[in-house]
Amino acid sequence: MALFVFSLFLIVHLSFAYYANRDTCDSRIEHTFTVIDYDWPNDTAREMAIRNESYIPNNNIISGMNVYNDAVYVTVPRWRRGVPSTLNKIVIKDGISILQPYPNWESQRVGDCHALQFVQSIAIDPNTGWMWIIDTGRINFFAIDGTPTENLCPAKIIIYDIDNNIEITRHEFPDNVANRKRTFLNDIVIQYRGQRARYAYITDDFDTRLIVFDRKKNTSHFYSHPESMLPESGNGNITILGETLAVSDGINGIALSSDMKFIYYGQLSGFSIYQIPTKVVRKPGKDFDRFVRKVGTKPAHAAGMVYSKNHSLYFGGLDDNAVYKWDVEKDRRKQRTTFRKVQMKTVQTFLKDDSCINFVDILNFDQNDNLWFSVNKLHKFFLGTMDFSGNSGPNVLIMRAKAGTTGYLDRRRRYKPY
């Protein structure tokens, strides 16, 4: 154990040294990870997990993240074997960022369908402290060692009250909504109706559909639209600093306007961004094809996206090592039109840095005008070129940057932008 502690200490200090002269990066980095490790009950538990391969360090990578009351919550999808905890809170021990299973270790048991199996994304309502958790239920579908995918449990959504440590509700998706052998619940946004969030809109990457959950009725349905949700032909190669990752992923990132009227989404394998009114999709049986429209073309591939309170859409630029911003309100005024008809013309580079912004995955806002996002070199993780020694710097960064606005869920009436 002493040898491991020394090695981890060395890796972390090498990681910090890598960015020691990077003012652009250093001022925005909140947490760094070279190897993902956890807040184990004791040393014996960790050693046993390594021996029985319930913890394979190099198979763990952070993807989703969200912030609530200064706490950072992150997901570690069970894409491969050896992920002991799929939903976590970042804690600092001895100056090192590690993951504390959330809400506890018991909720992470593989094969227990009441527990969490595969969490890619979460949404936290800053007004209530409710965390909306989507669980695909399937694990190991990006294995590199030949082990098969395990379709363990039905997909589900859980709403958990962070402040009071209680579960509010849960919904198991019917197989016709989220297929137990195909589904991949990728990203989520939530919509207010009245005084509380009622609807969740979830992208299903593998089945290329938009899933809708109604909290009040505890029901779910989906919409499929091949033209806007399937991968774009010929647009599947993501090249980052000379390395190319070939992907064939459909609908992926999703955002919701702060007036709760429009959903924006796009494919990972593609450059288009689409818009659909929430009033069309929140109930089943509507004419999706009639109301969906392409609003513009992104300058680069993007995974996650997020909408701000002041009507701007932020998304990563994977090929460009950047974060982009579309000022929707500015374009709406210039075009003298409505949000229903606005076209994406004004896209600005919000941040760009080849040394540290390598694969922006998920973006969120806090309540203090900061944009948070996870950077995880995911192309290297899937290509098998990720360096876990620390010699190439950290593999995962949790970053924060002043944006002058909060997120789409901020319901404070007297909020004044920064």
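These legends walk through a predicted model of one protein chain, from the whole fold to several close-up views.

**Figure 1. The whole chain, with its eight helices and 28 strands.** Welcome to the overview of this predicted model. The radius of gyration of the chain is 20 Å, close to the 22 Å that the globule rule gives for 418 residues, so the chain is as compact as a globular protein of that length. Along its principal axes, the C-alpha trace spans about 65 × 45 × 45 Å. Of the 418 residues, 60% are buried. Among contacts with a separation of 6 or more, 58% are between residues 24 or more positions apart.

**Figure 2. The surface and charges of the chain.** About 17000 Å² of the chain is exposed, and carbon and sulfur atoms supply 48% of that area. The chain carries 52 positive and 45 negative charges. If you mark the mean position of each set, the two points lie 10 Å apart.

**Figure 3. Two nonpolar cores inside the chain.** In soluble globular proteins, nonpolar side chains tend to be buried together. Which residues have the most contacts inside the largest nonpolar core? They are Trp-132, Phe-173, Tyr-264 and Tyr-265, in a core of 58 residues. Apart from this core lies another one, made of 37 residues. Ile-238, Ile-240, Leu-268 and Ala-303 are among the members of that other core.

**Figure 4. Arg-215 and the residues around it.** Look for Arg-215 in the loop between strand 14 (209-214) and strand 15 (219-223). Is Arg-215 buried, exposed or partly exposed? Its relative accessible area is 23%, so Arg-215 is partly exposed. Leaving aside neighbours within four places in sequence, Arg-215 is in contact with Trp-130, Trp-132, Ile-159, Thr-169, Arg-196, Ala-197 and Arg-198. One of these, Trp-132, also belongs to the largest nonpolar core. Thr-169 is 46 residues from Arg-215 in sequence, and their C-alpha atoms are 8.1 Å apart in space.

**Figure 5. His-225, just before helix 4.** After strand 15 comes a loop that leads to helix 4 (226-229), and His-225 is found in this loop. His-225 has a relative accessible area of 7%, so it is buried. Which residues touch His-225, once neighbours within four places in sequence are set aside? The contacts are Leu-230, Tyr-265, Phe-288, Asp-289 and Val-292. Here, Tyr-265 is a residue you have already met in the largest nonpolar core. For a sense of distance, Asn-310 is 85 residues from His-225 in sequence and 29 Å away in space, C-alpha to C-alpha.

**Figure 6. A cis peptide bond between Tyr-102 and Pro-103.** Omega is about 0° at the bond that joins Tyr-102 and Pro-103. To find the spot, follow the loop between strand 5 (96-101) and strand 6 (119-125), where Pro-103 is located.

**Figure 7. Positive phi values at His-311 and Phe-359.** His-311 has a positive phi of about 65° although it is not a glycine. The loop that holds His-311 runs between strand 22 (305-307) and strand 23 (312-317). With 15% relative accessibility, His-311 counts as buried, because buried means under 20%. Phe-359 is another residue other than glycine with a positive phi, near 80°. Phe-359 is found in the loop between strand 25 (347-352) and strand 26 (360-365). Is Phe-359 buried or exposed? At 4% relative accessibility, Phe-359 counts as buried.

**Figure 8. Ile-144 in its loop.** Strand 8 (138-139) and strand 9 (150-151) are the two ends of the loop where Ile-144 is found. The relative accessible area of Ile-144 is 62%, so this residue is exposed. Asn-59 is 85 residues from Ile-144 along the chain, yet 9.6 Å separates their C-alpha atoms.

**Figure 9. Asp-43 in helix 3.** This last view turns to a helix. Asp-43 is found in helix 3, which covers residues 43-51. A relative accessible area of 43% makes Asp-43 partly exposed. How far apart in space are Asp-43 and Thr-244? From C-alpha to C-alpha they are 39 Å apart, with their positions 201 residues apart in sequence.

Terms used
Residues are numbered from 1 along each chain as its sequence is written. This is a predicted model: local features need pLDDT of at least 70, side-chain atom pairs count only at pLDDT 80 or more; totals for chains, interfaces and linings use all residues. Side-chain values use heavy atoms; hydrogens and water are left out. Helices (H or I, at least four residues) and strands (E, at least two) are DSSP runs, numbered from the N terminus. The radius of gyration is taken over C-alpha atoms; the globule rule is 2.2 Å times the number of residues to the power 0.38. Buried means under 20% relative accessible area, exposed over 50%, partly exposed in between (1.4 Å probe, protein chains only). Contact means heavy atoms within 4.5 Å. Accessible areas come from the Shrake-Rupley method with a 1.4 Å probe; for residues, only the protein chains shown count as cover. Lys and Arg count as positive and Asp and Glu as negative; His and the chain ends are not counted. The place of a charge is taken as NZ of Lys, CZ of Arg, CG of Asp or CD of Glu. A nonpolar core is a set of buried Ala, Val, Leu, Ile, Met, Phe, Trp, Tyr and Cys residues joined through side-chain atoms within 4.5 Å.
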